[in-house]
Amino acid sequence: MDIFEKCRNYTLADEFRAKGIYPYFRALESRQDTEVIMEGKRRIMLGSNNYLGLTACPEVVEAGIRAYEQYGSGCSGSRFLNGTLKLHLELEAELADFLRKEAVVTFSTGFQSNLGIISALVGRTDYVICDRENHASIYDGCRLSFGKMLRYRHSDMEDLENCLKRVPETSGCLIVTDGVFSMGGDIARLPEIVELAKKYGARVMVDDAHGLGVIGEGGRGTASHFGLEKEVDIYMGTFSKSLASLGGYMAGDAKVVDYVRHNSRPFIFSASITPASCASALAALRHIKAHPELVKRLSQLSAYARAGLKDRGLKIADSEAPIIPIFTYTMENTLRIAAEIYDRGVYVNTVLPPAAPTDGCMLRTSYMATLTEALLDEAMDIIADVVLRNNPHE
């Protein structure tokens, strides 16, 4: 059989394109901001992970330009060899200090971070236990490792304990959970996870891609939110969201970080973060430290949006983060609603299977600290009008 046969038989994207409801690969013609020009028209951006709005911050942009001028466009090698800049070391040291961990190692992307951390730490006789709604990069990190993966029902602590009971006493065990879940916007039950980890001798890793800059003291993330910074063994996070750049990191005890640095194939065999990306992330981190009010503003605006959507009669998922899903149920209905909202000047993301049940599709709205109440009201009026006219469940 021709290995390309599956490609020729894949027709779903073409079917959605023909109906005018294909939602992907929309082309931006301006910087990522609260209002963008996308495919020639102004759109209010409610689909970005730019939570603190720092992609448009002059300090962040200027830092990237200066690094480009000083170091050039790239490092042309891995961190292991010729690709370590003084900038990388500064970013790792300042991020470790901010997160109150002994050490940090950075990766070229957030996805690569999970691949690199999990595959390095989880060996042949080890177990890794995952929440079923963890990010795809966590799943792929588990597959890349040589250990055994167990999954527990989303935020179900009884099911997590059942998984822990299956781990032999002679095996190491790592529990991995998203801190803020990227689709639903709910926060992991970290106190109970930590308690169970202590009971069964497991270690805990939190993917804080959507927690850094969003929750916790000054935006320090999920462990800080619960006062569990000393109890969570590993933080993973990204620079592509609150830190307005590209890359990822692992924070933890110095010996554990150093082990990953010397044993992680995705780290060793990948080119390092570009100078401009590194400098921009460092500038964003410094801006967050200097302006903790941004995190409070983000929380206020998220609460304003949550109340506004409910007041307009929309059914939304329970969430505490600046991620608010709106239920639209079937796939085609969701795509039609999203397309009309887009045509009327608001960008939102669709959550479709396998990220959602077949009859539980959603619009994923996400918020920035730099939005205004006036922009939110304009966007919510459009969303409510379209959803309530087209949603048979409302």
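When we say a helix touches a strand here, contact means heavy atoms within 4.5 Å, and an angle between the two runs from 0 to 180 degrees between their N-to-C directions. Keep that in mind as we walk through this predicted model.

Let's begin with the whole chain. You'll find 15 helices and 13 strands in it. The radius of gyration is 21 Å, close to the 21 Å that the globule rule gives for 394 residues, so the chain is as compact as a globular protein of that length. Along its principal axes, the C-alpha trace spans about 55 × 55 × 55 Å. Buried residues make up 56% of the 394. As for contacts with a separation of 6 or more, 70% of them link residues 24 or more positions apart.

Now find the sheet. Strands of a sheet pair through backbone hydrogen bonds, either parallel or antiparallel. This one is an open sheet of seven strands with mixed pairing, and its order is β3-β9-β8-β7-β6-β4-β5. At the edges sit β3 (103-107) and β5 (148-152), each pairing on one side only. From one strand to the next, the twist averages 20 degrees. For a look at one pair, try β7 (residues 203-207) and β8 (residues 234-238), which run parallel and share three bridges. There, M205 has I234 in β8 as its bridge partner.

Next, the helices that lie across these strands. Helix α6 (residues 136-144) lies across β4, β5, β6 and β7, at about 165 degrees to β4. Helix α5 (residues 110-121) lies across β3, β4, β6, β7, β8 and β9, and runs at about 155 degrees to β8.

Methods. Residues numbered from 1 in each chain as written. Predicted model: local features only at pLDDT ≥ 70, side-chain atom pairs only at ≥ 80, totals over all residues. Heavy atoms only, no water. Pairing = 2+ DSSP bridges. Helix = DSSP H or I, 4+ residues; strand = E, 2+ residues; numbered from the N terminus. Rg over C-alpha atoms; globule rule 2.2 N^0.38 Å. Buried < 20%, exposed > 50% of the residue type's maximum accessible area, 1.4 Å probe, protein only.
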